[in-house]
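Trainee: I would like a careful look at a single part of this structure, with every term explained as it comes up. Please choose the part and take me through it slowly.

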Amino acid sequence: MSTEIERIYREPPARSSAIPTAPAGPVPPTMEIVLDGRPVTAPAGSTILDVCRAEGIEIPTLCYLETLTPVNVCRICVVEVTGSRVLVPACSRPVEAGMEIRTASERVRRSRRLILELLGSAVDLSLAPGVAALMAEYEADPARFGPPAPPADAGARAAREPGHHHRPSGAAAETVAQPVTIDNDLYVRDYARCILCYKCVEACGTDAQNTFAIAVAGRGFDARISTEYDAPLTASACVYCGNCIGVCPTGALMFRSEHEMRAAGTWDEAAQTTTDTICPYCGVGCTLTLHVQGNEIVKVTSPMDSSVTAGHLCIKGRFGYRSVQRRPEEPRPEEPPPEHPGPEAPRPEHPGPHRLRPEEPGPQGPRPGDPVESGGTRPA
Ligand code: SF4
Ligand code: SF4
Ligand code: FES
């Protein structure tokens, strides 16, 4: 060994304790645009929404989420671009050099107001964060379309003839009101709150889960989120990751625990604390945010900016908290520890770590595989 190599071997140079960072990538070229009358320099490739947010201009969004591919369906984010025949969706339209954008013109405001009025007249938006403030800001009046039509019976909307568009009476505003679908133990689907933003479809599909258990069925006003052939979730491809719940902006998809606590009047977000921890079930290391009320885990989410999860989890992270905490109504079996059976005694059949015995009632109603119970009442 040469002297120099021996010296390095015996006295290695001090190493930095700093976490290595990736080398800086090429800085994207910039372009000049005009935003609400002001010249602005914008990075090439950014969307109008990106630039507006960087400039502190508030643009409302409903179907947009940073972790999902834009689908441009709600059109609440539209802005006016000089030379464009129609208003353009800010969430997906990239900026172009020389673009002149108006984010709050009368045409933009009128379009957003109408969208809010149509949604507000047809959908229960009471659990959609921020929508009440938008209604006030845009002076939306959903009641001008008349009183809401009576709710559909359970399954009636799904049974409508495809492609058939019935003529509304004109006396009442058509709505998507319908009973809550409760067909499993983990989450409920309250499509009276659904604005058809497609986020759940994207999260179930290529943007996260790649399970494709749900999609949009029907056309026009009859369009709705559905499993294949409207099968119960328990008979669908659903794997209960709950990623659709995580992205739903209106409360249409909801933990069953939250649904039941809201129905009982005990859901109190102000009294809830959140704690970030790491999922203990496997080595991936997903960040879990435990929502706790009264020393009880009431739901589990994951931070959208987590580099591991981007807000998405699997069934173990999302619903596995049930194994560390029984719901109050769930009876704890009072079983004395079995005596040691001895070497000749037959081995008792093990029921499995999480499986309930047939005579033991489920904690919150039916379990996957039980018949569909539809027509649940919806909490206010
Ligand atoms: S729980 Fe997961 S698999 Fe099931 S519908 Fe939602 S996103 Fe798809
Ligand atoms: S269920 Fe929720 S996420 Fe899915 S389309 Fe309706 S509002 Fe959007
Ligand atoms: S947020 Fe842009 S179209 Fe919905």
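Mentor: What follows begins with the whole protein and then stays with one small sheet.

Before that, please note that this is a predicted model, in which local features need pLDDT of at least 70, side-chain atom pairs count only at pLDDT 80 or more, and totals for chains, interfaces and linings use all residues. Residues are numbered from 1 along each chain as its sequence is written, while chains are lettered from A and ligands numbered from 1 in the order in which they are written.

The protein has 8 helices and 14 strands, where helices (H or I, at least four residues) and strands (E, at least two) are DSSP runs numbered from the N terminus. Of its 380 residues, 31% are buried, a word that applies when 20 or more other C-beta atoms, placed from the backbone, lie within 10 Å of a residue's own, whereas a residue with 12 or fewer is exposed and one in between is partly exposed. If we take the contacts with a separation of 6 or more, 61% of them link residues 24 or more positions apart; a contact here means that the C-beta atoms of two residues, placed from the backbone, lie within 7 Å.

Now to the sheet itself, which is open and is formed by 3 strands in the order 11-12-13, with antiparallel pairing. Strand 11 (273–278) and strand 13 (296–301) are the edge strands, and because each has a single partner strand, one side of each is left without a neighbour in the sheet. From one strand to the next, the twist averages 30°, an angle taken between N-to-C directions on a scale from 0 to 180 degrees, with axes that are lines fitted to C-alpha atoms. Two strands count as paired if DSSP finds at least two bridges between them.

Let us follow the pairing across the sheet, beginning at one edge. Strand 11 and strand 12 run antiparallel and are joined by 6 bridges. Among these pairs, Thr274 has His291 of strand 12 as its bridge partner, and Thr275 has Leu290 of strand 12. Strand 11 is also hardly covered, since the count of buried residues among its 6 residues is 0.

On the other side, strand 12 (residues 287–293) is joined to strand 13 by 5 bridges, and these two strands also run antiparallel. Here Thr289 stands opposite Thr301 in strand 13, and Gln293 stands opposite Glu296 in strand 13. Strand 12 and strand 13 make a hairpin with 2 residues between the strands, and in this hairpin Gly294 takes a positive phi near 60°.

If you trace the sheet on your screen, you can therefore go from strand 11, at one edge, to strand 12 and on to strand 13 at the other edge, and at each of those edges you will find one side without a neighbour in the sheet.
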